[in-house]
Amino acid sequence: MAIPRKGSRLITVDGVAYRWRIRRKPAYGQAIEGALTFAIELAEGPGRVLLVSLPFSRPDAWVGERTMAVRPALVAAVVRMALGQGWDPCRAGRAFDLDVTEDDLAAMLGGPPVYEVPFARR
């Protein structure tokens with residue numbers, strides 16, 4: 001599984017280039033449950049994809065209570081965390097799933113996360 005180049009963003013973490021992407025539209029389960037997920041892989045060459053699940057909802061989720069922007073600093077922290085937990089982006093294989101907890105998020109951000117409340121749907 002590879003991340004489409006269109007709509008993806010590049011980031012360099014510790015001298016290694018990665019590509020990351022949040023789906024433009026949520027999958028059905030994401031629209032209901034609301035968990036914000038995104039994928040990361042090496043920018044060039046085949047390898048193992050990292051699938052990240054964050055402890056807050058997408059801003060366009062049907063039942064989201066809170067959300068926040070995914071910034072490059074957070075993506076870089078997630079890459080470092082995944083590498084520390086055994087993700088090898090150079091090795092082929094099925095996707096590596098990483099569930100980020102509230103505590104993980106607070107450690108990555110250097111304090112408690114600041115959430116936004118998505119707009120109400122009518």
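Mentor: Let's fix one term before anything else: buried means under 20% relative accessible area, exposed means over 50%, and partly exposed is in between, with a 1.4 Å probe and protein chains only. Also, this is a predicted model, where local features need pLDDT of at least 70 and side-chain atom pairs count only at pLDDT 80 or more, while totals for chains, interfaces and linings use all residues. Residues are numbered from 1 along each chain as its sequence is written, and side-chain values use heavy atoms, with hydrogens and water left out.

Trainee: Okay, why is Asp103 called exposed?

Mentor: Its relative accessible area is 64%, and the cut-off for exposed is over 50%, so the label fits. Asp103 belongs to helix 3, and its C-alpha atom is separated by 9.6 Å from that of Pro113, 10 residues further along the chain.

Trainee: What makes a stretch a helix or a strand here?

Mentor: Both are DSSP runs, numbered from the N terminus: H or I over at least four residues for a helix, E over at least two for a strand. On that basis the protein chain has three helices and five strands, in the order β-β-α-β-β-α-β-α from the N terminus.

Trainee: And how do you know which strands pair?

Mentor: DSSP has to find at least two bridges between them. Strand 1 and strand 2 are joined by five bridges and run antiparallel, so they pass the test of at least two. Strand 2 and strand 3 have four bridges, again antiparallel, and five bridges link strand 3 to strand 4, also antiparallel. As for residues facing each other, Val13 is opposite Val16, Tyr18 is opposite Leu42, Thr37 is opposite Ser53 and Ile40 is opposite Leu50.

Trainee: In what order do the five strands lie in the sheet?

Mentor: The order is 1-2-3-4-5 in an open sheet with mixed pairing. Strand 1 (9–13) and strand 5 (96–99) each have a single partner strand, so one side of each has no neighbour in the sheet, and that is what makes them the edges. From one strand to the next, the twist averages 30 degrees.

Trainee: Why is strand 3 described as largely enclosed?

Mentor: Six of its eight residues are buried, so the rest of the structure largely encloses it. Across the 122 residues of the protein chain, buried ones make up 39%.

Trainee: What makes the phi of Asp14 stand out?

Mentor: Asp14 has a positive phi of about 50 degrees although it is not a glycine. It sits in the loop between strand 1 and strand 2, a hairpin with two residues between the strands. At 58% relative accessibility, Asp14 is over the mark for exposed, so it gets that label too.

Trainee: What makes a set of residues a nonpolar core?

Mentor: They must be buried Ala, Val, Leu, Ile, Met, Phe, Trp, Tyr or Cys, joined through side-chain atoms within 4.5 Å. The largest such core has 26 residues, and Phe38, Ile40, Leu50, Leu54, Val70 and Val78 touch the most other members. Helix 2 gives the most to this core, with seven residues. With contact meaning heavy atoms within 4.5 Å, Val70 touches Trp20, Ile22, Leu36, Phe38, Leu54, Phe56 and Val75, leaving aside residues up to four places away in sequence.

Trainee: How do you know where the axes of helix 2 and helix 3 run, and at what angle do they cross?

Mentor: Axes are lines fitted to C-alpha atoms, for helices over the stretch in contact, and angles run from 0 to 180 degrees between N-to-C directions. For helix 2 (residues 72–84) and helix 3 (residues 102–109), the axes come within 10 Å and cross at roughly 115 degrees. Leu74, Ala77, Val78 and Met81 in helix 2 meet Asp104, Leu105 and Met108 in helix 3. Helix 2 also lies across strand 1, strand 2, strand 3, strand 4 and strand 5, at about 55 degrees to strand 1.
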